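Work through the exercises below with the sequence and the structure at hand. Each task is followed by a solution in steps.

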Amino acid sequence: LVEFGQMAPCAPLGVPSVLVAYDLAWAKTVAQTRTQADRGVRRLERWRTRAEGAALERLELGYYGRFDHLVVVSEHDRQTLEAAFDAAGQTAHPRVSVSPNGIDWLDYGLLRGSGQPGTAGFVGGLEHPPNVDAVDLLVDAVLPGAPELRTLYLAGGGTDAFAGDRITGLGRVEDIKAVYERVSFTVAPVTWGSGSRLKILESMAARRPVVALEQAAEGLESLWPSDGLIVVPTVREFIEVTRRLA
């Protein structure tokens with residue numbers, strides 16, 4: 001058993017082997033190209049990202065093909081992976097199955113209080129590029145458009161660089177449950193990526209509603225709709241729901 005797509009080159013030879021891929025690196029890169037035009041990224045940089053995604057896809061599919069069985073965490077990733085094998089002409093590819101991400105929800109069920117009114121939280125380290133784009137969107141669009149949001153807490157590596165009138169960067173935290181105790185709801189304006197977001201599962205387990213863009217909730221479609229997960233297609237609707245929850 002080999003865990004993480006980055007470990008795929010370590011496929012053992014001559015013995016039955018399974019790879020667990022928590023996300024698809026090339027799929028994340030391809031998804032990134034779809035957001036770059038909206039963010040005004042220069043055309044040359046968009047071409048570079050697109051070429052990188054194509055090269056990653058060829059590389060990863062070659063390594064993945066060495067395994068007998070592949071496990072991904074979402075139906076979306078399974079379909080993406082099988083379609084890529086078919087498009088590459090790899091008809092004898094390994095079987096692909098889904099084992100959804102999960103968390104120990106009992107561990108989050110004993111939080112103190114219901115959070116400070118008018119506060120929201122975002123959990124995610126800034127070493128992960130999709131989280132960087134999400135925080136930029138929060139700072140540039142959501143906070144100015146939602147004056148009812150009194151305080152936005154950011155938790156994760158690199159977020160301690162953020163400090164302002166209505167924003168508090170907590171950096172890396174020892175116990176993530178302490179963050180959920182502070183806030184009354186969480187936000188997930190993630191616009192690209194792969195796999196599924198544990199931050200959404202954690203927030204729901206902590207009984208904190210989550211407002212998420214559709215891309216952020218990929219892989220968690222079985223939870224749509226629910227009282228704890230509010231999924232919206234546009235930034236404008238994201239801001240409207242944020243204002244209502246605040």
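**Exercise 1. Helices α4 and α7**

Task: In this predicted model, state how helix α4 and helix α7 pack, and which residues meet.

Solution:
- Step 1. Helix α4 covers residues 129-145 and helix α7 covers residues 235-245; the two pack at an angle of about 55°, and their axes are 9 Å apart.
- Step 2. Angles from 65 to 115 degrees count as roughly perpendicular and those under 35 degrees as roughly parallel. The pair α4 and α7 is therefore oblique.
- Step 3. The crossing of α4 and α7 has a hand, and it is right-handed.
- Step 4. On the α4 side the contact is made by Leu137, Leu138, Ala141, Val142 and Gly145. On the α7 side they meet Val235, Phe238, Ile239, Thr242 and Arg243.
- Step 5. Sorted by class, the residues of this contact of α4 with α7 are seven nonpolar, two polar and one charged.

**Exercise 2. Helices α2 and α3**

Task: Treat helix α2 and helix α3 in the same manner: find the angle, the axis distance and the residues that meet.

Solution:
- Step 1. Helix α2 (residues 43-64) packs with helix α3 (residues 75-87) at about 95°, with 11 Å between their axes.
- Step 2. An angle from 65 to 115 degrees counts as roughly perpendicular, and α2 and α3 are therefore roughly perpendicular to each other.
- Step 3. Glu57, Leu61 and Tyr64 of α2 meet Leu81, Ala84 and Phe85 of α3.
- Step 4. By class, the contact of α2 with α3 holds five nonpolar residues, no polar ones and one charged.

**Exercise 3. Positive phi**

Task: Phe4 and Arg207 are to be examined for their phi values. Where does each residue lie, and is each one exposed or partly exposed?

Solution:
- Step 1. Most residues other than glycine have a negative phi.
- Step 2. Phe4 is not a glycine, yet its phi is positive, about 80°. Arg207 also has a positive phi, near 60°, and is a residue other than glycine.
- Step 3. Phe4 is in the loop between β1 (2-3) and β2 (18-21). Arg207 is in the loop between α6 (198-205) and β9 (210-213).
- Step 4. Phe4 has 46% relative accessibility and so counts as partly exposed. The value for Arg207 is 56%, so Arg207 counts as exposed.

**Exercise 4. Three residues and their surroundings**

Task: For Leu154, Lys28 and Tyr22, find the element or loop, the degree of burial and the contacts beyond four places in sequence.

Solution for Leu154:
- Step 1. Strand β6 (residues 151-155) contains Leu154.
- Step 2. The relative accessibility of Leu154 is 0%, so it counts as buried.
- Step 3. Beyond four places in sequence, Leu154 is in contact with Phe122, Val135, Leu138, Thr159, Phe162, Ile167, Thr168, Gly169, Leu170 and Gly171. Leu138 is also one of the α4 residues that meet α7.
- Step 4. From Leu154 to Val241 the sequence separation is 87 residues, and the C-alpha atoms are 19 Å apart.

Solution for Lys28:
- Step 1. Lys28 belongs to helix α1 (residues 25-36).
- Step 2. The cut-off for buried is under 20% relative accessible area. Lys28 is at 16%, so Lys28 counts as buried.
- Step 3. Its contacts beyond four places in sequence are Asp23, His128, Trp192, Gly193 and Ser194.
- Step 4. Lys28 and Ile167 are 139 residues apart in sequence, with 28 Å from C-alpha to C-alpha.

Solution for Tyr22:
- Step 1. Tyr22 sits in the loop between β2 and α1.
- Step 2. At 29% relative accessibility, Tyr22 counts as partly exposed.
- Step 3. Not counting residues up to four places away in sequence, Tyr22 touches Glu3, Phe4, Val73, Asp77, Asn101 and Gly195. Among them is Phe4, whose phi is positive.
- Step 4. Tyr22 and Gly5 are 17 residues apart along the chain, and their C-alpha atoms are separated by 7.1 Å.

**Exercise 5. The chain as a whole**

Task: What radius of gyration would a compact globule of 246 residues have, and what does the chain have?

Solution:
- Step 1. The chain has seven helices and 10 strands.
- Step 2. For 246 residues a compact globule would have a radius of gyration near 18 Å; the chain has 19 Å, which agrees.
- Step 3. Along the principal axes, the C-alpha atoms fill a box of roughly 55 × 45 × 30 Å.
- Step 4. Of the 246 residues, 47% count as buried.
- Step 5. Among contacts between residues at least 6 apart in sequence, 63% join residues at least 24 apart.

Key
Residues are numbered from 1 along each chain as its sequence is written. This is a predicted model: local features need pLDDT of at least 70, side-chain atom pairs count only at pLDDT 80 or more; totals for chains, interfaces and linings use all residues. Side-chain values use heavy atoms; hydrogens and water are left out. Axes are lines fitted to C-alpha atoms, for helices over the stretch in contact, and angles run from 0 to 180 degrees between N-to-C directions. Angles under 35 degrees count as roughly parallel, over 145 as roughly antiparallel, 65 to 115 as roughly perpendicular and the rest as oblique. A crossing is left-handed if the near helix is turned anticlockwise from the far one by less than a right angle, and right-handed if clockwise. Contact means heavy atoms within 4.5 Å. Ala, Val, Leu, Ile, Met, Phe, Trp, Tyr, Cys and Pro count as nonpolar, Asp, Glu, Lys and Arg as charged, and the others, Gly among them, as polar. The radius of gyration is taken over C-alpha atoms; the globule rule is 2.2 Å times the number of residues to the power 0.38. Buried means under 20% relative accessible area, exposed over 50%, partly exposed in between (1.4 Å probe, protein chains only).
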